[in-house]
Amino acid sequence: MRRSFVAIACAALLSVTALPATAAGKTDPRQTAMDAAVAAGIPGMVAVADDFRGVSGVANIERPGKPNASGRWRVASVSKVFVATLVLQLAAENRVGLDEPIQRSLPGLLPYPEPITVRQLLQHTSGLPRDLLPEDSWATGPEIDTERFEHFDSDDQIRLSTKQPLQFKPGTGWAYSNTGYNVLGLLVEKLTRKPLERVLAERITRPLHLRDTSLPRDFPFLIGPAARGYEQLYDAPRGLTDVTTYNYSRYFGAGGVVSSGADLNRFFEALLGGRLLPADLLSQMKKTVPAGGMEYGLGLMKLNLKSAGICAEDITIWGHGGDLPGFNTLSFRDEAGKNISTLATVDLTASPDAALKRQLPMINEFCAPVLPARAAAQAPVPSL
C-alpha cells in the first residue's frame, strides 16, 4: 500500500471521546462504544470477548441485517502472530536459530550484503522495506478496486520490495515491515518443505480446533463472513466500494489469514498461556523493544494502558492489530486472561472520528477509559 495513502490510518490518534449516556446496567460499554463507532461512519462492527458477543451496524450496506458475531473476516497483520509462532516452534526444535542470518536458510533471496537475523525479521528491526513501491502496488484508491485479483508468487512481493535500500542498518532501529514477514513465511516453507497454509493447519489451527482460521492465499472469496468490508475509493458522489472479495497473495506471510473473533481469542489464550511454545521461547517472544508509542516483541504488540494515559489501572495488554482494505482488526489479551477481538468494516478511509471510535470497544474490555473528551494518546497499532 502506498504510504501516503496508508498514512490516513496510521496517523489516527486513540482518543477517549465522550460516548452516549446510557442507563446503568442496561447497555454494555463495549456495545455502547460500537454503536458510537457506527454512528461515526463505520458500516458494521463485531466484538467478541469471553463474556460478550456484540454487533452493531449492518453486515451489508445494500440490505438490512446485522453483522454475524460468529462470522469470519480478514485479520490482516494479526497474521504475523501466527507466522511468528510457527517460526518460534521451529526454533524450539533446533531447525533454525533466532540469531542466525536468514541468508543461511534462504540464500540469494535478499540483495543486501548486511546479515539480517531471524530475530530481527520477527521484531521489525531488520531494516527491510515496509512494502512495495507505488508502481508495483496500489498508488490510488481506485487501484485498490481494480487490482483485486492480481496474483503474487511467494517471493514476488519480496523481490519487488527489495529494489529499495534498507531503511537502516539491521539491528539499529525499528520499522514495521510486511516484507520481513513474507520472508518469514518463506522460511517456514523452506524448513518444513510444506506450504505455509498446511504448516499453519498442522501446528496451530487443527490442534486448537480453530475451524474458522485459514490462509486462503489466491482464493479471493470470504466464506461465512461476519460482514462485508468497504472503503471510500472514489470521489463523491460515488459511495463505498465493497472490497470483501480480494486476492491477498501479496501478503501471504504478512497479512493473509482469515479468522473469527472466537478463534482469535482461543489462539491468544493458547499462545500466551504457554500451550504453543516452550516457556523460554514464549519469554523471548515477549521481550520487547520500543516501537513508536508501544512495544514490540517477536510478532507481539505490547501496550501498557496506564502509561498510554488510557486507563487509571496498571494494565498491560498483548496482541496485535491489523489493517487491510475493508477490515480493521484489534485482538488483545491482558495478563489477567481477558480477551477481546474486534472488527470494523472500513479501515483505510475511515474518518478521523470513526478511526478513533472503532478502537474504544477493545479498550472498554480492559478498563473504563479515564481521559476526558478531546484527550488523546498515540494509536496503539500501526497499519498494515
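This is a short tour of one protein chain, moving from the whole model to a helix, a group of strands and a single residue.

**The whole chain**

Begin with everything displayed, and keep in mind that the model is predicted. The protein chain contains 13 helices and 14 strands, and of its 384 residues 61% are buried. If the surface is switched on, its accessible area comes to about 14,600 Å², with 52% of that belonging to carbon and sulfur atoms. Among the contacts between residues at least 6 apart in sequence, 71% join residues that are at least 24 apart.

**Helix α8**

Next select residues 178-192, which form helix α8. The helix has 15 residues and reaches 22 Å from its first C-alpha to its last, close to the 21 Å expected at 1.5 Å a residue. Is α8 mostly covered or mostly uncovered? It is mostly covered, since 14 of the 15 residues in α8 are buried.

Now look at the two ends of this helix. At the N-terminal end, Ser-177 acts as a cap for α8, with a side-chain oxygen lying 3.4 Å from the backbone nitrogen of Thr-179. At the other end, α8 is followed by Arg-193, a residue whose phi is positive, near 60 degrees.

**Strand β2 and its partners**

Move on to residues 44-49, the strand β2, where 6 of the 6 residues are buried, so that the strand is largely enclosed by the rest of the structure. Colouring alternate residues shows how both faces are covered: Gly-44, Val-46 and Val-48 are buried on one side, while Met-45, Ala-47 and Ala-49 are buried on the other.

Which strands are joined to β2 by bridges? Add residues 52-57, strand β3, which runs antiparallel to β2 and is joined to it by 6 bridges. These two strands form a hairpin with 2 residues between them, and within the pairing Ala-49 has Phe-52 of β3 as its bridge partner. Then add residues 339-344, strand β13, which is also antiparallel to β2 and is joined to it by 5 bridges; here Val-48 has Ser-341 as its bridge partner.

**Asn-304**

Finish by selecting Asn-304, which lies in strand β10, residues 301-304. Why does Asn-304 count as buried? Its relative accessibility is 17%, and the cut-off for buried is under 20%. A polar atom of the Asn-304 side chain lies 3.1 Å from the backbone nitrogen of Lys-306. Leaving aside residues up to four places away in sequence, Asn-304 touches Asp-314, Ile-315 and Thr-316, which can be displayed as a last step.

Technical notes: Residues numbered from 1 in each chain as written. Predicted model: local features only at pLDDT ≥ 70, side-chain atom pairs only at ≥ 80, totals over all residues. Heavy atoms only, no water. Helix = DSSP H or I, 4+ residues; strand = E, 2+ residues; numbered from the N terminus. Buried < 20%, exposed > 50% of the residue type's maximum accessible area, 1.4 Å probe, protein only. Contact = heavy atoms within 4.5 Å. Areas by Shrake-Rupley, 256 points an atom, 1.4 Å probe, with all protein chains shown as cover. Expected span 1.5 Å × (residues − 1). Polar contact = N/O pair within 3.5 Å; in protein donor to acceptor, adjacent residues only side chain to side chain. Pairing = 2+ DSSP bridges.
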